[in-house]
Amino acid sequence: MGIRVANVSKRFGSFHAVDDVSVDVDSGSLVALLGPSGSGKSTLLRLIAGLEQADTGRIWITGEEATDRTVQDRQVGFVFQHFALFKHRTVRQNVAFGLELRRWKKEAIKRRVDELLDLVQLKGYGSRFPSQLSGGQRQRVALARALAVQPRVLLLDEPFSALDAKVRKELRAWLRNLHDEMHVTTVIVTHDQEEAMEVADRIVVMNEGRIEQIGTPAEIYDHPATPFVMGFVGAVNVLPGGTLPRPTSAPEHGTALDTPLFIRPHDVEILSEGQSDTVPAQLRRLSHLGRDVQAELVLADGQVITAQIPRERMNLAAFQVGDQLHVRSREARTFVPDYSI
């Protein structure tokens, strides 16, 4: 086992940041802690690192209990959101910093730094200063510095959130490839659903200090355990029960008419003519999203529903804002309240 967290809680005054959380991270895997701001994901990461001390519960790293160990004794690599590089040290000096503290010999440090700069695709950049690098390059230096001391686990706290969208996407692919090459047990904190889905083997969805669901990206998206998970991971329409007929092919997840109906935009179908399983709707807006077209429609009762359709499946010339159309859902889901709580 790479990391085990058992019944861990952490309060800051009256605020319960982490509330009785238990999770296992398999050795060599990459797990994402996903949730909105204030969900407890960064606090949980800091508890694993030893940067915060748990009020209750226990933590193991690579099979050894680390609950009361210092940050140094836990032997973790930690990468912060804002790089935290030494401005007056070169790239090479930044990467070598932890090795110098551990009194490695100069030749060993040189070999290790050369190896890491090659690994993070920064060979030839060793003499530059952080101010001479792009944001993506600085974050790769931060990762190299964290990996230099050969940590038992690697912890990343929203490492790409300060970068622009194109660079974030490039670095996500790079990080996944780097992980597949090194197989270091890795936990990444993110509030970006796409980032978690793209890089992680498993996702831990957190909300208000608790875990809502743990699963693979496919399990989290296709089989959400709670309304929060379905609403947070991927776009969704939430309509009052009975607004649309339930598709006969859709799996039953509850039948109460007064429970909300959850429908993914890609499961909404638009038709020009009404049928027995459709309801009327007026087209309010069309948005072009690259390969897809997003249509915003208003139902007869004033409810708004969004459909997302591949461009090749939609004749854009046939639709105009204000058109009276008809919609139906290919799949819908409800969550029956748990009255036992």
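Which exposed residues does helix H4 carry on the face turned away from its buried side? In this predicted model, that face of H4 carries Glu107 and Arg111, both of which are exposed.

Helix H4 comprises the 14 residues from 106 to 119, which at 1.5 Å a residue should span 20 Å, and the C-alpha atoms at its two ends do lie 20 Å apart, so the expected and computed lengths agree. The buried residues of this helix are Ile109, Arg112, Val113, Leu116, Leu117 and Leu119. When H4 is viewed down its axis, these buried residues fall within an arc of 155°, and they therefore line one face of the helix. Such an arrangement can be read against the geometry of an α-helix, in which there are 3.6 residues a turn, so that residues three or four places apart point the same way. The cover over the buried residues of H4 includes helix H3 (91–101), helix H5 (135–148) and helix H6 (165–182). Just after H4, the backbone at Gln121 adopts a positive phi of about 60°.

A further part of the model concerns the pairing of strand S17. Strand S17, formed by residues 324–329, pairs in the antiparallel sense with strand S13, formed by residues 268–271, and four bridges connect the two; here Leu271 stands opposite His326 of S17. Strand S14, which covers residues 279–289, also pairs with S17 in the antiparallel sense, over four bridges, and within S17 it is Gln324 that serves as the bridge partner of Gln282. Strand S17 is thus paired in the antiparallel sense with both S13 and S14.

Technical notes
Residues are numbered from 1 along each chain as its sequence is written. This is a predicted model: local features need pLDDT of at least 70, side-chain atom pairs count only at pLDDT 80 or more; totals for chains, interfaces and linings use all residues. Side-chain values use heavy atoms; hydrogens and water are left out. The expected span of a helix is 1.5 Å times one less than its number of residues. Buried means under 20% relative accessible area, exposed over 50%, partly exposed in between (1.4 Å probe, protein chains only). The arc is that of the directions from the helix axis to the C-beta atoms. Contact means heavy atoms within 4.5 Å. Two strands pair if DSSP finds at least two bridges between them.
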